[in-house]
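Subject: Structure handover

Hi,

Here is the structure I promised to pass on. Please open it next to this email, and my notes will be easier to follow.

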Amino acid sequence: MKIVCGLIITLTLLSCGGRSAHLQEGGDSIPFKYATLPSIVKYDGYTVVTLANPWKEGKALHTYVLVPSNAPLPVHLPKGTVIRTPLKRAVVFTTVHCALLMELGCRDKIAGVADLKYIKIPWIQRQAAKGRIADCGDGMSPMIEKIIDLRPDAILLSPFENSGGYGKLEEIDIPLVECAEYMEVSPLARAEWMRFYGLLFGCQKKADKLFEKVDKNYCDLQQKAQEAGEGRSVLIDKQVGSVWYVPGGQSTIGQMVKDASGRYPWADDDHSGSLSMPFERVLEEAFDTEVWMFRYDSDKPMTFDDLLAEKEGYKEFRAFETREVYGCNVRTSLFYEESPFHPDRLLSDFIQIFHPNIKGLPPLHYYKKLPQQ
């Protein structure tokens, strides 16, 4: 009976893809130092990339099977979206990934973009104006026919919780690369995803080297902040409409404040996203912070009068009264393009603002002190 049961189990495994499971044995894992969502294992003839679902613990967001384009497709492959690498033509939906591909020397592989008006990279704007990079329309409702005509090897886009899928994009048989690095819980974990993109575009060594540099810079800065001791307290961002979205204590910004040895009113909060609060609640918990840092989008620098025109109550904050207010104009800076994959540059800003006595750091990259009035 035991022999018969053993034979049945063996046959069942073979009929359910047991051979594919066997092919996966002995793969070489590519370790990640910080990133928690991607898992990459190289096998003979292909590489399996599994992205963990950041919204459903224990579930996979997507599995990719990368096969070199100059090799025949293996007969037995594990389940997953097959992508031929390196990618030669891609449609990119986000400005941050366009910027990374530019830095990795892959700008010629950007065949099309979505939300062109939000991509502040001059070269891409010029190429789009000349018709060399296709404008594929709004990222939420892209022009499917135009994307099909481009014949891209893949589409890079950002997934969202409860988005309901990607509509017709899922029907055109073009691999969708779900760029979920923004859901990582630390700045370096988010930045380390560049190693995955380097693997996709055939520049793995260059991406690894770039990340090593970012990692070293970040850790050196963090050490400098720790040696300086406790820094100033900070309030982040400002009210939007009727709500003030403050970064959660476990968000990438919350982590960066900690790495810069700053003091943050919501440091003990366990949320990795933002907290939505009414103005009165923020004022109650953060009225006495020494520094106020916020982002804004304008064709001119923000002033204290502009802040008061938005909301008279801002004058109740200590940082407003002492004029220790720093703004980041996302229209004129490359904050969104650079900071996700260069958190060292943003950390440098944080450290200089929290520790004004530290010398020898480069000028502020993104934040500027509001002019005195």
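Below are my notes on the strands and how they pair.

First, a caveat: this is a predicted model.

**Strand S18 and its neighbours**

Start with S18, which spans residues 325-329. The strand is mostly covered, with five of its five residues buried. Its side chains split between two directions. Val-325, Gly-327 and Asn-329 point one way. Tyr-326 and Cys-328 point the other way. Residues pointing either way are buried.

S18 pairs with two strands that I looked at. Strand S17, residues 291-296, runs parallel to S18, and five bridges link the pair. One contact to look up is Tyr-296, whose bridge partner in S18 is Asn-329. That same Asn-329 is buried and points the same way as Val-325 and Gly-327.

Strand S19 covers residues 368-369. Its pairing with S18 is antiparallel, over two bridges. Here Gly-327 sits opposite Lys-368 of S19.

A general reminder: strands of a sheet pair through backbone hydrogen bonds, in either a parallel or an antiparallel sense.

**The S14-S15-S16 sheet**

Next, an open sheet. Three strands make it up, in the order S14-S15-S16, with antiparallel pairing. Strands S14 (239-240) and S16 (274-277) are the edges, each pairing on one side only. S15, residues 243-247, is joined to S16 by four bridges, and the two run antiparallel. Within that pairing, Trp-244 stands opposite Met-277 in S16.

Best regards

Key. Residues numbered from 1 in each chain as written. Predicted model: local features only at pLDDT ≥ 70, side-chain atom pairs only at ≥ 80, totals over all residues. Heavy atoms only, no water. Buried < 20%, exposed > 50% of the residue type's maximum accessible area, 1.4 Å probe, protein only. Pairing = 2+ DSSP bridges.
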